[in-house]
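Reader: I have a model in front of me and some terms I don't quite trust yet. Could we go through them together and check each one?

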Amino acid sequence: MTDQEILARWKEEPAPLLPVLHAFHARDGYLSEDAIRAVSKGLRIPLADLYGTITFYHHFARVPGGLGCPRVCTGPVCVQEGALDILAELAPEGATGMPCSGRCDDPVPVLRGHLTLAGRSAADLVARPAPLPPPAPEGAAECVFRTIREPGHATLAGYRRDGGYEGLARAVREMTPVQVVEAIDRSGLAGRGGAGFPTGRKWRAVAEADGTPKSIVCNADEGEPGCFKDRALMDYDPHAVIEGMIASGYATGAHRGFIYLRYEYPETEDILAEAIREAAEAGILGPSVMGSGFAFDLHIRRGAGAYICGEETSLLNSMEGKHPFPRNRPPFPVTHGFENLPTVVNNVETLASVPHILALGAEWYAGLGMNGHAGTKVISLSGDILRPGNYEVPMGLPLERLLYDWAGGPLEGRTIQAVTMAGLSGGFLAGDDLFVTLDEPAIRARKSFLGAGGIMVFDDSRDMVEVAHAAMEFFAHESCGKCFPCRIGTQRLTERLAGEAGPDAVVAWVDEVADIGYTMKETSACGLGTAAPLITESLMRYFPDAVSRHVTGHGALPMAGPRGTEP
Amino acid sequence: MSTNGTRPTIVLDGEKVAFTPGETVYEAATRHGKDIPTLCYDPRLEPFGGCRLCVVEIEGARTPVASCTAQCQSGMDVRTRSARVEVHRRTLMEMLASENREVEVDELTSLASQEMTELVDRYEARTGRFEGRQSGASRPDDPNPFIMRDYDNCISCYRCVRVCAEQEGDYAISVKGRGFDTQITVEFDGHLKESACTFCGQCVQTCPTGALGDLKALAHREVEGETKKTRTVCPYCGVGCSVDLLTRGNQLIGVQPAMDGPANLGALCVKGQFAFDFIQHPDRLAHPLVRGEDGELHEAGWDEALDRAAEGFLRVRERYGRHSVYGVASGRAPHEAAYTMQKFIRGGFGTNYIDNCSRA
Ligand SMILES: Cc1cc2nc3c(=O)[nH]c(=O)nc-3n(C[C@H](O)[C@H](O)[C@H](O)COP(=O)(O)O)c2cc1C
Ligand code: SF4
Ligand code: SF4
Ligand code: SF4
Ligand code: FES
Ligand code: FES
């Protein structure tokens with residue numbers, strides 16, 4: 001396609017910048033100066049502004065052939081599984097690292113252009129589908145994984161065979177939008193993307209907000225290290241996401257939807273595109289959803305490698321083609337979202353729960369939890385554990401049962417030293433706190449949070465200071481640079497965990513690290529900066545001896561080897 | 001304002017004060033004499049919420065709130081200087097001091113250049129804590145004659161980028177990269193001259209650390225004497241931007257925009273900001289010149305020169321009438337001279353054929 005053809009293809013569509021950039025990127029193998037000038041002119045974005053915005057994203061290559069160079073996951077699980085060796089072996093091909101790319105249950109993912117390979121060594125790399133969730137242990141009742149393992153479920157025919165789109169059909173034909181909101185409200189469904197905001201309340205706020213057109217945005221950025229549940233849902237149950245989005249549109253009066261998909265899931269983009277095509281062909285998407293007269297269109301917008309773009313207001317800026325700094329709140333997206341109009345932003349898992357709730361009832365969903373907690377939560381479990389994978393747990397399940405009974409416990413001869421919560425954002429739990437139950441109040445009482453449900457396991461062979469260093473390096477790499485406490489704080493904490501800077505007396509070191517953390521937690525402008533210091537806080541709480549060995553410069557454990565080998 | 005005529009109120013450090021709906025906590029507090037520290041704030045721009053120094057405690061909020069972006073709500077109980085927020089401000093200032101090459105910069109660097117230094121002093125933040133890598137890479141290679149780009153002293157407040165976009169509408173500069181590696185840049189890391197920059201100097205004057213500097217003013221760093229500021233109006237065009245002329249002794253050493261100038265609110269263009277070299281230029285005429293019989297210009301006394309000029313004007317008026325004269329005052333002349341000129345043309349010749357090149 002010529003420059004003009006690419007621009008003409010997207011110019012009149014909503015949120016055109018990312019697709020235009022991806023089209024040039026794919027055509028030329030990188031974003032050339034000429035391409036950037038053409039986009040600036042075609043979309044009327046000031047050149048300096050566009051240049052700055054492009055440099056914000058990790059994956060836009062700026063040198064010829066850059067797109068084809070392999071990107072190797074160097075996330076916390078993959079570095080324990082041989083990622084650095086793979087990176088070294090692929091170095092002649094121009095390989096570079098990338099943060100956790102959402103496949104920790106099948107490491108090590110390597111991106112080559114529009115293809116994901118995986119394997120534990122460079123020689124083993126193969127393109128294969130990401131793992132299906134393991135069978136429900138102990139016959140646990142599930143919501144989003146209820147039908148996902150049925151063969152062919154990702155196709156429209158398979159989805160319908162398993163009862164898909166029945167909930168939506170009922171909703172658009174027999175229920176008013178207000179009744180749909182009430183059903184979601186009654187189910188107790190809360191956001192599964194991290195913040196846990198009640199979904200019914202969010203939808204009601206958008207339904208009642210003035211201003212059109214409204215939008216439904218499915219947050220499929222899944223950038224949190226150790227989280228790979230949204231990928232499983234989209235790969236194996238794409239129609240559930242679509243059904244949930246249409247229902248959300250119906251409930252709130254929104255006629256357009258966007259799936260903001262992280263860059264690192266190219267196959268998922270194809271799967272979603274195919275599902276959207278099928279649904280449109282069957283009259284499920286389009287001018288009259290299932291003959292109801294309600295119109296709904298769906299667009300995919302692919303990110304370009306920035307964890308912060310999972311933060312909902314940063315995501316909206318990214319879609320709008322602006323520099324993806326988070327916005328100041330209030331106002332919130334429910335009134336001032338995409339293009340400053342009322343917008344639902346919901347996580348993939350949240351939206352994928354909706355069809356099941358509509359089909360089986362709010363009371364059914366609410367009843368799935370334990371000890372008075374509503375519903376279920378998918379936990380992405382990875383690291384030093386016998387059976388990693390996505391597990392849908394009833395809210396309130398003891399962590400111990402998940403780790404030992406469901407996932408088989410630590411590897412032979414090992415003990416579990418610590419786990420992370422909320423991917424990395426919740427910091428570590430260790431010691432007696434490993435006996436927590438998996439629900440937000442219990443985990444918050446231990447100064448952490450469940451968040452998006454990523455849990456990485458580190459056994460007794462791991463150097464926790466090194467793990468904390470890698471975690472903080474991730475936050476520093478992904479800090480957007482908008483606010484001072486996070487921009488400088490993540491950097492200073494990383495340097496101190498690396499032993500590159502900072503006092504060499506334990507008391508002074510702990511003072512500095514605690515002071516930085518306290519100010520980050522209380523004054524950062526978004527959740528990245530407020531969460532990052534949970535890493536250092538929990539490290540110092542559970543592993544004071546390792547910290548003092550690190551500071552005084554002697555006795556840090558040697559770096560651990562790959563899974564199952566002696567350090 | 002509520003219908004019964006009483007204005008809504010907030011409690012500010014224990015004192016009940018009225019606010020105007022839509023006002024931010026920072027604006028209301030400042031109006032009531034509170035000195036809340038800021039570094040990313042410029043009253044002319046949209047509040048950004050980056051520096052977090054303006055955080056205050058609001059009763060009921062779990063953590064401190066940025067006052068520049070929070071709107072007043074009736075009944076809010078606000079503490080602007082609690083121990084808790086002062087601790088954060090001090091830590092933030094220590095962190096900032098750790099990322100820059102210098103805390104002290106010459107006051108000629110720009111209007112806002114002392115903001116960071118003053119806050120470092122106020123919070124006694126020269127502790128040397130939090131040392132580590134420094135941020136920003138300077139561009140001494142940028143060959144432009146007006147703007148120093150010394151990003152080793154940049155704190156990523158983005159006031160320059162925002163003033164260029166929001167105030168100037170030029171969008172010449174932007175933010176490259178992210179996190180600790182953010183860098184102010186033009187497209188493709190080039191020089192200002194090849195960018196959309198108009199050299200208005202707005203970015204320089206709002207930079208709170210001296211990372212951007214006024215090269216013209218800095219060239220006069222060595223001139224002896226107290227710096228004096230004189231308020232005047234820029235003569236270059238009809239907008240009438242207020243400026244402060246910086247002088248030492250009898251020498252003009254720089255121009256700064258007046259933030260309270262009614263026509264410009266701190267904005268200037270390249271001419272008003274930087275084009276004052278001619279005033280002290282060695283080529284500038286210091287004596288009248290009169291053309292001699294030989295066709296060349298010769299230095300002359302004022303009486304001789306004025307007589308010659310008057311003679312010529314009178315001859316022209318005699319022969320062609322009063323409308324045969326057209327006066328054009330120079331934009332480089334002082335306002336008083338321009339005024340005298342029109343008086344002279346109108347009163348002396350009796351014509352309205354008077355103009356000023358600044359009208360263009
Ligand atoms: C740094 C950061 C990253 C985030 N990343 C994601 C993400 O990848 N996916 C997601 O659904 N929510 C993410 N969130 C949470 C979103 O801001 C938002 O709360 C969520 O998408 C709302 O959907 P929910 O209510 O269905 O959870 C992130 C938040 C922060 C602060
Ligand atoms: S907390 Fe970090 S990621 Fe969030 S706005 Fe501040 S700098 Fe950006
Ligand atoms: S001098 Fe003016 S136009 Fe140039 S970058 Fe600064 S603010 Fe923008
Ligand atoms: S150059 Fe100055 S105004 Fe611009 S971001 Fe840096 S410190 Fe702020
Ligand atoms: S996929 Fe590599 S750490 Fe998650
Ligand atoms: S002035 Fe409020 S955050 Fe900078």
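Reader: What makes β8(A) stand out in the shell around ligand 1?
Author: In this predicted model, β8(A) gives the most to that shell, with 3 residues. Both β8 (343-347) and α22 (527-531) of chain A supply at least two residues each.

Reader: Which residues are the closest to ligand 1?
Author: The shell holds 20 residues, and the closest are G193(A), E222(A), N346(A), N347(A) and T350(A).

Reader: Why is the pair of T350(A) and ligand 1 called a polar contact?
Author: An N or O atom in the side chain of T350(A) is 2.7 Å from an oxygen atom of ligand 1. The cut-off is 3.5 Å, so this pair counts. The side chain of N346(A) has an N or O atom 2.8 Å from a ligand 1 oxygen, so that pair counts too.

Reader: And why does V345(A) count?
Author: Here a backbone N or O atom lies 3.4 Å from an oxygen atom of ligand 1. That is within 3.5 Å, so V345(A) passes. As for cover, the protein hides 90% of the 610 Å² of accessible area that ligand 1 has on its own.

Reader: What classes of residue make up the shell around ligand 1?
Author: There are 5 nonpolar, 9 polar and 6 charged residues. The shell around ligand 4 has 10 nonpolar, 2 polar and no charged residues.

Reader: Why do only 2 residues around ligand 4 count as polar?
Author: Look at who is there: among them are S156(B) and T209(B), along with C154(B), Y158(B) and P208(B). Cys, Tyr and Pro count as nonpolar, whereas Ser and Thr are not on that list and not charged, so they are polar.

Reader: How do you know that chain A and chain B touch?
Author: Contact means heavy atoms within 4.5 Å, and 49 residues of chain A are in contact with 46 residues of chain B. The two chains bury about 3,800 Å² between them, 58% of it on carbon and sulfur atoms. In chain A, Y51(A), F484(A) and R487(A) lose the most area to chain B, together 19% of what that side buries.

Reader: Why is the pair of R129(B) and D515(A) called a salt bridge?
Author: Their closest N and O atoms are 2.8 Å apart. The limit is 4 Å between a side-chain nitrogen of Lys or Arg and a carboxyl oxygen of Asp or Glu, so the name fits. The count between the two chains is 4 salt bridges.

Notes
Residues numbered from 1 in each chain as written. Chains lettered and ligands numbered in written order. Predicted model: local features only at pLDDT ≥ 70, side-chain atom pairs only at ≥ 80, totals over all residues. Heavy atoms only, no water. Near = heavy atom within 4 Å. Polar contact = N/O pair within 3.5 Å; in protein donor to acceptor, adjacent residues only side chain to side chain. Areas by Shrake-Rupley, 256 points an atom, 1.4 Å probe, with all protein chains shown as cover. Helix = DSSP H or I, 4+ residues; strand = E, 2+ residues; numbered from the N terminus. Buried area = accessible area lost by both parts, 1.4 Å probe.
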